[in-house]
Structure formats: C-alpha cells, structure tokens
Amino acid sequence: MTMLLNLQAAPASLAMPSTRRRPLARAIVHWTRRLHLYSGLLMFPWVLLYGLTALLFNHVELFSDREQWSFGRDDFAGTALEPIADPVADAAAVVAALNAENARGQHATYRLVDEGSALYTRDVLMARARGPGQNHSILYDVPSGTAQVGTAEQPATERPPFAGERLKVAGALTERVKTGLPRALARHGFSAPDVSVSVGPELVFLVEGAGRVWRATYNTQTGSVNGQPSDGPGELTTRQFLTRMHLAHGYPSRPGLRWLWAAVVDAMFVSMVFWALSGLVMWWQIKAVRITGAAVVAISLGAAGFLAAGMHGILAAG
C-alpha cells in the first residue's frame, strides 16, 4: 500500500517543480543574452545602412554616379603639375616669400629648419572643374602626382543672369558672426577679436527676374551668388543620398526627421557598446573557448592600440 501511494504521488511531485529562485548571476546572463539578441535585431537595418554608407567614402567606384578616369604622370606632362609636389621645396618658397614681405617692413628674417618635418597634412587634394554640359570631380594624390577623375554629364540648364556675381551684402550672416562673437565672448572674459568662419550655410531662396523664377544660392562666406531655374533638376543620385545620410549628424534646434535621425545615431552608439560588452559576458560563459577568446581579445586590443597611436601621430602632425 505504501509503495502504491508513493507511485501515485510521484507524478504530482514532478508536476510541481521547485520554486527556488534562479541565482542572480544566472539571471543576469539570461537577460544579457536576450537583450543582446533583440537589440541586434532592432538595429539590424541601421547597422547595414551605416556600414554601407561608410564604405562609400573609401571606395569612390561603388554606386558611382560618374564615369571614372585615372590620370597618370604622363597626363600631366608639360603642365604645371608635371613635377611632383615637394614639401621641402614648397616650404622653402613660402619662407622666401615671407622674408620678401618682411623686408618691406624691416622685420626679422626667417629660415627653414628641420627640413625633414615639412609635409602636406593630407595626401589628397580635392578639386572640381566645370565645363559646358560636364562636371568633373578630381582627387589628386599629392605624393604620387596622379589623380582619379569622375565625370558627370550635366543637363543643359538656363543660366540665371546673376550667376557668378560677388556681392557685398550689408549685415550678411557671416559678417554678423565676425562682429558679434567677439563681443559675446568678451562678456565671459575671453579676448578673441580674430574670428573666421570655416564652414557656413548657404542662403537658398526663390527670386523672380528675366521673365522666370530662379532658385538662387548665396554663399555668405564668399559673397558669390548662383542659381538655376526653380523647376530644374533637384534629385540626388544614390551615392549622394547615402553619403549625405552618413554625414548628417547633430540634433537640430527644431524637432523633425533630422532630429529622429540623430536619435537613431545615438541608439546605434548605445547598441554597439552594449553588443561589445555583452559579447564579452557571453564569451566568458563558454569555458571551452575562454583561452582562445582571450588570445583574440588581446590581439584585437593590441592592434587597435597600435593603429590609434599611429593615427594620433599622423593627425597631430596635420
């Protein structure tokens, strides 16, 4: 009878598992794995988009909206670009020009020292060349004296009569910045009378004249004004769209789609940091790969440190 009771009680005991709480460490690992999974799924399209748009800056041929050309040394024969740029010679020419200018004011003379330290801060010079129906983008490699040229056909559009004008506009934004910033800084105890604008917005507006409406663009830094018919082409190529999305950053002062894009960029930062840290937690839980994983992490940290130190030296020089 006792055995029968035990057999009857056994299924009931199996149907009622122990209610002991899961240890805290195990619970943390469980939720780390879940968050690692779902955050990856949530940010999946954004990671692909950000990775693709970053790739475009290293590879101009991808999604290219221009016909690509390679210019070798022979293409520059007989031109001012025939000799390869020499930083030492060019620095000596600058010092000579500086001394010639100072001689008029009887200032001290200068001489070039440590010639080996003379360098151009960037290997690539970017330029644009425009002609009838064509627009050329040039990446000139300074050390080798070669170039990559991208040519895009430009549909013929009517040129506005005011195109190419350089205007001195009283109260232009750039001028207000140059005069207003020193006074605002002085109120906080800073003396900074010399103000220059490195990057500024262009003013775009519609203007009517010569029998039609034009979309005008005024460069507040240079004073140049240009434009095109208001019904002219305004579409972006695939490459322009992707690269401009990648470069869009910062929170605007007003909410909108740009604000949401900035929020997505912040979310990507949080997710990628979490993926890295949670990945370490998940790796440590698998005892069989701890030693191999530790070696991979050590190699990765060493490579990252080496590249960071090298890039610091390069960027600091420029």
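## Sheet of strands 1 to 4

In this predicted model, four strands make up an open antiparallel sheet in the order 1-4-3-2; strands are DSSP runs of E of at least two residues, numbered from the N terminus, and two of them pair if DSSP finds at least two bridges between them. Strand 1 (67-71) and strand 2 (124-131) are the edge strands, each pairing on one side only. From one strand to the next, the twist averages 20 degrees.

Strand 1 runs antiparallel to strand 4 (residues 146-153), and five bridges join the two. Trp69 has Val149 of strand 4 as its bridge partner.

## Sheet of strands 5 to 8

A further open sheet of four strands has the order 5-8-7-6, again with antiparallel pairing. Strand 5 (165-166) and strand 6 (202-209) each have a single partner strand, so one side of each lacks a neighbour in the sheet.

Strand 7 (residues 212-219) and strand 8 (residues 224-229) run antiparallel and are joined by five bridges. Ala216 lies opposite Gly227 of strand 8.

## Leu280

Leu280 belongs to helix 6 (residues 257-285), helices being DSSP runs of H or I of at least four residues. Because its relative accessibility is 39%, Leu280 counts as partly exposed, the class between buried (under 20% relative accessible area) and exposed (over 50%), with a 1.4 Å probe and protein chains only.

## Basis of the model

Residues are numbered from 1 along each chain as its sequence is written, and side-chain values use heavy atoms, without hydrogens and water. Local features need pLDDT of at least 70 and side-chain atom pairs count only at pLDDT 80 or more, whereas totals for chains, interfaces and linings use all residues.

Conventions:
Axes are lines fitted to C-alpha atoms, for helices over the stretch in contact, and angles run from 0 to 180 degrees between N-to-C directions.
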